[in-house]
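Visitor: Hi! Could you walk me through this one?
Guide: Sure, let's look at it together.

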Amino acid sequence: MDEIRFIAATGSLGSGVAEDWLTMALAHKPHFIAADAGTTDAGAFFLGSGKTAYTRSALKRDLEIVLQAAQKVKVPVLIGSSGTAGADVHVELMLELAGEIAAEHAMRLKVATIFSEQDKDYLTRLHGEERIRALYAAPEIDSGTFRRSTRVVGMMGVEPLQEALKENVDLILAGRCSDPALYAAMPIMLGFPEGLAWHAGKVAECGTQACTQPGRGVLCGTVRRDEFIIRACADSPCTPQSIAAHSLYENGDPYLHKEASGMLDLSQAQYFEAENQGVRVTGSLFAPAEQYTVKLEGAALAGYQSIVIGGVRDPYIIRQLDDWLGKIEQSTHASVAQLLGDQLKPGDYSLTFHIYGRNAIMGKLEPVAAVPPHEVGIVLEATAPTQEFATAIAKFARQPLLHQTIPEWRGSITGFACLHNPAEIERGPVWRFNLNHVAVPRTKAEMFRTRIQQVGATA
């Protein structure tokens with residue numbers, strides 16, 4: 001075999017697969033179709049809650065389009081980071097959708113589900129054996145961190161995907177997964193250069209974001225022994241610049257990209273125009289790791305949250321905004337101590353102000369902080385062990401927000417305008433990421449579990 005061809009159906013399953021472009025791309029005669037379905041960009045909520053960033057109907061629509069296309073050309077479909085966070089509940093949801101689609105279209109699918117959620121006792125043992133290692137700026141952890149986590153997933157590389165492909169499955173539904181691994185697994189399994197395979201996957205995994213303008217369409221990739229080629233079947237083309245730029249995307253180092261099994265090295269990569277608006281890439285390298293590691297992602301319940309949204313336009317208040325908010329914060333803490341002091345201690349809850357119109361996005365890094373705004377939006381965020389406590393704290397803060405005095409005004413003032421009535425909005429449970437670590441398993445297979453089954457009308 002001289003080349004492996006693939007289609008990247010979308011960079012985010014559920015965001016909308018372009019069915020017309022995908023149908024046209026089948027002329028590429030792919031060996032597989034893949035789509036990433038998750039990310040930590042969406043935050044810890046989806047890992048903690050087990051919910052999905054996209055609606056069930058949107059996920060089903062996209063999966064249906066991709067499966068129907070794959071069935072026309074009889075190639076497997078690989079879905080990674082199922083259901084946003086790749087926890088077991090997300091994989092099971094995608095399997096349920098696949099079963100519904102198969103039944104509705106009289107398909108009979110052989111499905112591999114690969115589970116990446118980690119057993120907490122197993123992780124605790126690894127920690128005790130010093131087989132959990134911190135990455136840069138990782139939070140401190142102890143032996144109880146894993147049991148306090150709602151869920152922990154491990155990010156798989158190509159190995160579990162390759163084992164599933166060997167079973168000649170029609171569909172792989174993987175838990176948390178390295179995005180490029182979806183596209184690198186088959187080429188590497190069939191002996192193609194790892195550097196080219198990983199780099200092709202790195203470019204393809206976000207779909208048309210690698211084009212000059214992100215939009216509707218799909219990407220077609222071809223991995224060969226000495227190069228790979230990416231072409232857009234989309235509203236916007238790929239260029240050497242757009243492919244090179246996307247090769248730098250989402251990574252701290254522009255040339256070195258770490259994976260479970262090694263390091264993708266792009267320092268020697270070169271980008272050329274190819275026929276039919278394609279981009280040809282050569283020189284991508286891969287250095288195998290001395291020790292196989294699996295990145296861990298964990299979500300811990302941070303508490304329950306209530307917020308108050310409003311704004312201030314008074315120039316006198318804006319000039320002394322930090323001092324004004326500091327007095328409101330002191331007043332709120334005093335109310336909590338007076339009315340809930342026997343139930344809540346200062347370290348049990350948090351009160352945060354987000355100031356939009358002044359440093360809300362960049363914080364201390366804001367380069368034009370000296371320019372006074374004419375109005376600001378303020379989001380007060382109260383986080384506590386229960387929803388009742390969080391709402392009570394938000395209610396305590398509402399009154400001083402409305403009427404906290406300043407020296408320039410005499411008597412009672414109202415300096416804050418609430419956006420909603422009632423002012424307090426209950427957000428429910430909130431989660432935070434509590435791990436930025438890697439595990440060192442004894443074998444490459446022990447952290448992932450694969451189940452193979454038939455789904456469909458005749459299963």
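Visitor: Which way do α7 and α8 cross, left-handed or right-handed?
Guide: The crossing of α7 and α8 is right-handed; that word means the near helix is turned clockwise from the far one by less than a right angle, and anticlockwise would be left-handed. Please keep in mind that this is a predicted model, where local features need pLDDT of at least 70, side-chain atom pairs count only at pLDDT 80 or more, and totals for chains, interfaces and linings use all residues. Residues are numbered from 1 along each chain as its sequence is written, and side-chain values use heavy atoms, without hydrogens and water.

Visitor: Which residues of α7 make that contact?
Guide: Val 158, Leu 161, Gln 162 and Leu 165 of α7 do, meeting a set from α8 that includes Ala 181, Leu 182 and Met 189. Contact here means heavy atoms within 4.5 Å. By class, the contact has 10 nonpolar, one polar and no charged residues.

Visitor: And at what angle do the axes cross?
Guide: Roughly 60°, and the axes of α7 (residues 158-165) and α8 (residues 181-189) come within 9 Å. The two helices are therefore oblique to each other, as angles under 35 degrees count as roughly parallel, over 145 as roughly antiparallel, 65 to 115 as roughly perpendicular and the rest as oblique.

Visitor: New topic: which residues touch the most other members of the largest nonpolar core?
Guide: Leu 123, Leu 161, Ile 172 and Leu 296, out of 60 residues in that core. A nonpolar core is a set of buried Ala, Val, Leu, Ile, Met, Phe, Trp, Tyr and Cys residues joined through side-chain atoms within 4.5 Å. Its largest share, seven residues, comes from α8.

Visitor: What is Ile 172 in contact with?
Guide: Leaving aside neighbours within four places in sequence, its partners include Val 77, Ile 114, Leu 161 and Leu 165.

Visitor: How many residues of α9 are buried?
Guide: In α9 (residues 194-204), 10 of the 11 are buried, meaning under 20% relative accessible area, with exposed being over 50% and partly exposed in between (1.4 Å probe, protein chains only). Trp 198 and Lys 202 are among them.

Visitor: What about phi of Ser 81?
Guide: Phi of Ser 81 is near 50°, a positive value in a residue other than glycine. Ser 81 lies in strand β3 (residues 77-84), and at 0% relative accessibility this serine counts as buried.

Visitor: And Ala 106, buried or exposed?
Guide: Exposed, because its relative accessibility is 66%. Phi of Ala 106 is near 55°, also a positive value.

Conventions:
Helix = DSSP H or I, 4+ residues; strand = E, 2+ residues; numbered from the N terminus. Axes fitted to C-alpha atoms, helices over the stretch in contact; angles between N-to-C directions. Nonpolar A, V, L, I, M, F, W, Y, C, P; charged D, E, K, R; others polar.
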